[in-house]
Amino acid sequence: GKHPPHGPSGLDTPAPRAGRSWPLIAGFGVVALFTVSPLAQGVLVGFGDTPETRFWFVLQFLAAFAAARCWPAPAAASLTRPQLAAGAALVLLAALLFASGGGQRAQWVWLGFLLAGLLLLAAASLPRLWQRLPRAARPLQTACCVLLAALVLAQPALALYGDSAGRCYGYRGERFARQMPPVTADTLPEGEYRVDTTDVALERWWSGPNSPLVGGYKGLSEYYSILSPHYTDAMLCDWALLPAQLNHCSFRSLDSCMALDTLAAVRYTCARPGDESRVPYGFDLVGETPQAPVYTFIPESGANLLQYENRHTLPLGYAYTAAISAEQYASLNALQKQAAMLSAAALADGEVPDGFAAEPAVAGVTPLEASWQAEGGAAWQDGVLTAAPDSDESGLTLRFTLSEEAEVHLCLSGLVVEQNPAPNHCFCAMDENPSPEIFLNTFDHDACWVNLGPAGPGEHTVRLTLSQGSRFSLAGLALWGYATAAYDAAADALGQTVLQNVVVGKNSVAGLLQTERDCILGLAIPYSRGWRATIDGVQATPRRANSMFMALEIPAGEHVIGLYYITPGLKAGLILCALGVLALAAQLIWYYYKRKRGGRL
């Protein structure tokens with residue numbers, strides 16, 4: 001016979017749902033597809049590179065589907081016993097699969113959440129169980145559905161945690177990041193400028209790239225901690241700053257390149273006594289800066305840092321009278337690009353404005369004639385570089401002569417790690433100075449450039465030391481020099497017309513520019529679609545320039561320049577969030593009055 005719509009206890013009894021099993025079958029089928037197909041997993045997470053994220057989002061899809069079936073009416077979840085048995089078999093099969101393969105922690109956590117979701121779904125799907133319980137137990141059925149929905153909310157947080165866990169070593173806490181005190185009148189002068197993080201990194205593992213952000217002073221990573229594709233492309237591809245990288249999303253500094261420090265508005269850098277050879281060219285000693293009292297590791301050389309000021313420092317804005325196109329910029333190598341940006345704005349897209357077209361000026365950038373010799377059991381033949389398996393002295397030695405002072409760069413072409421049994425990295429040193437460390441996990445580009453620092457006229461030696469038993473593909477090796485005299489002249493010329501009275505707010509930058517002719521204002525601020533600009537209150541559109549920075553076309557005269565930032569998608573997201581809350585509230589009210597009219601409270 002037919003059952004009444006309500007049991008004797010007043011609980012809901014689900015009505016027959018003929019033909020409604022296909023959504024559940026389709027849902028579990030999609031989950032199975034995402035579970036076994038790497039391609040489908042990649043689509044689900046935008047082809048992210050962490051497998052943990054893929055598992056979390058697979059589970060999130062299943063939990064979201066189950067919660068949608070259960071909310072807000074518990075009776076809507078009417079899984080049959082065969083369906084529940086199939087789900088249990090899926091959990092058991094996954095457990096056996098993980099156990100046979102050694103099972104990683106993330107996989108077992110994923111399985112635990114899958115089992116929890118299945119149990120909650122089963123609990124909400126057994127009306128006979130709830131009919132046997134007293135009326136006072138009715139909220140327990142709804143609680144199962146609420147917990148199931150809570151699983152859905154937990155998944156994004158767990159997914160983000162899985163993503164960040166593999167990268168957290170690049171983001172240190174206060175104990176290691178507060179090596180300098182915040183910028184105050186007693187430590188560094190007030191103003192809008194940047195402090196390079198090379199001062200406290202010095203290739204030490206405990207110095208994270210975000211030390212200025214955590215330490216409270218104005219460093220590069222304060223602006224670049226949340227990386228944009230333009231910044232990573234500039235560091236990895238355009239300038240190929242290999243030793244400045246910790247990994248593909250974390251950078252210590254601009255590798256002490258004199259041109260890049262100037263273009264990025266770096267005014268100060270610091271070094272410990274004994275490490276002066278790491279200070280970039282063009283920085284003069286101006287005093288000492290004490291380390292913060294919370295800094296727990298005091299080196300033998302003392303608790304103070306030597307403070308150096310860039311004699312060619314630029315503010316956050318400087319005026320160009322010439323520009324080069326994206327095609328012209330792409331035709332240059334990494335060092336030539338640095339020199340070109342001191343004389344012309346390198347526009348990333350669109351046409352060069354009328355009157356600004358110019359050829360790239362790369363005066364002072366020249367290849368250096370050098371001879372090389374393999375030592376310590378190392379060999380470089382047919383594009384393969386190998387080190388001796390039992391020697392720490394394997395490597396290449398290059399010898400060259402400079403006719404004038406220059407910043408020397410080593411270019412490694414087609415460098416790919418084929419074998420690296422030792423945990424340490426490669427090291428590169430010029431004239432026995434402290435060696436820049438080359439991080440092996442970043443060898444995946446056509447050319448990798450290592451800034452060896454400034455050197456005077458005369459003979460010099462460069463030593464590339466390899467880890468024991470390592471093996472590399474190396475297509476080419478070359479030395480380049482950037483004459484410091486040419487850099488001085490270009491930096492002085494670029495600093496003639498700059499943005500004055502700069503004021504930086506929480507999400508805004510403002511300043512005054514006085515120019516005698518039309519110009520392109522280069523802004524040492526990472527480009528983002530969220531930036532808006534005004535010239536004397538009139539809206540203007542910033543363009544991406546110099547790989548990762550911005551530029552504005554400015555007419556001759558005196559102008560007030562303003563920039564303000566609005567996170568892309570923020571307004572739309574807030575509107576959609578508000579609409580979602582209103583829709584949820586309307587749905588709950590509708591269900592409440594529907595039940596009330598039916599005599600159920």
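This briefing walks through the fold, the strand pairing, the surface and the cysteines of the protein shown above. Please keep in mind that the model is predicted. The protein has 601 residues, and 47% of them are buried. Its secondary structure comes to 17 helices and 30 strands.

**Overall picture**

- Take the contacts between residues at least 6 apart in sequence: 73% of them join residues at least 24 apart.
- About 28,700 Å² of the protein is exposed, and carbon and sulfur atoms supply 60% of that area.

**The four-stranded open sheet**

- Four strands form an open sheet in the order β1-β4-β6-β5, and their pairing is mixed.
- The edges of this sheet are β1 (194-195) and β5 (283-290), each of which pairs on one side only.
- The partner of β5 is β6 (residues 304-310), and these strands run antiparallel with seven bridges between them.
- If you would like a landmark for this pairing, look at D284, whose bridge partner in β6 is E309.

**Strand β20 and its partners**

- Strand β20 covers residues 458-465 and pairs with β14 (residues 395-402) in the antiparallel sense, over eight bridges.
- A handy place to see β20 meet β14 is T397, which stands opposite R463.
- Strand β17 (residues 426-430) also pairs with β20, again in the antiparallel sense, through four bridges.
- For this second pairing, find M430 and its bridge partner V462 in β20.

**A nonpolar patch on the surface**

- I575, L576, L579 and L582 together make a nonpolar surface patch of about 440 Å².
- To locate the patch, start from helix α17, which spans residues 570-597 and contains I575.

**Cysteines**

- How many disulfides does the structure hold? The count is zero.
- A disulfide is a covalent bond between the sulfur atoms of two cysteines.
- C411 is in no disulfide, and the nearest cysteine sulfur, which belongs to C448, lies 8.1 Å away. The cut-off for a disulfide is a pair of cysteine sulfur atoms within 2.5 Å.
- Is C411 buried or exposed? C411 counts as buried because its relative accessible area is 7%, and the cut-off for buried is under 20%.
- C519 is buried too, with a relative accessible area of 2%.

Key:
Residues are numbered from 1 along each chain as its sequence is written. This is a predicted model: local features need pLDDT of at least 70, side-chain atom pairs count only at pLDDT 80 or more; totals for chains, interfaces and linings use all residues. Side-chain values use heavy atoms; hydrogens and water are left out. Two strands pair if DSSP finds at least two bridges between them. Helices (H or I, at least four residues) and strands (E, at least two) are DSSP runs, numbered from the N terminus. Patches are made of residues with over 30% relative accessible area and no salt bridge: like charges are joined within 9 Å, nonpolar side chains (Val, Leu, Ile, Met, Phe, Trp, Tyr) within 5 Å. Accessible areas come from the Shrake-Rupley method with a 1.4 Å probe; for residues, only the protein chains shown count as cover. A salt bridge is a side-chain nitrogen of Lys or Arg within 4 Å of a carboxyl oxygen of Asp or Glu. Buried means under 20% relative accessible area, exposed over 50%, partly exposed in between (1.4 Å probe, protein chains only). Contact means heavy atoms within 4.5 Å.
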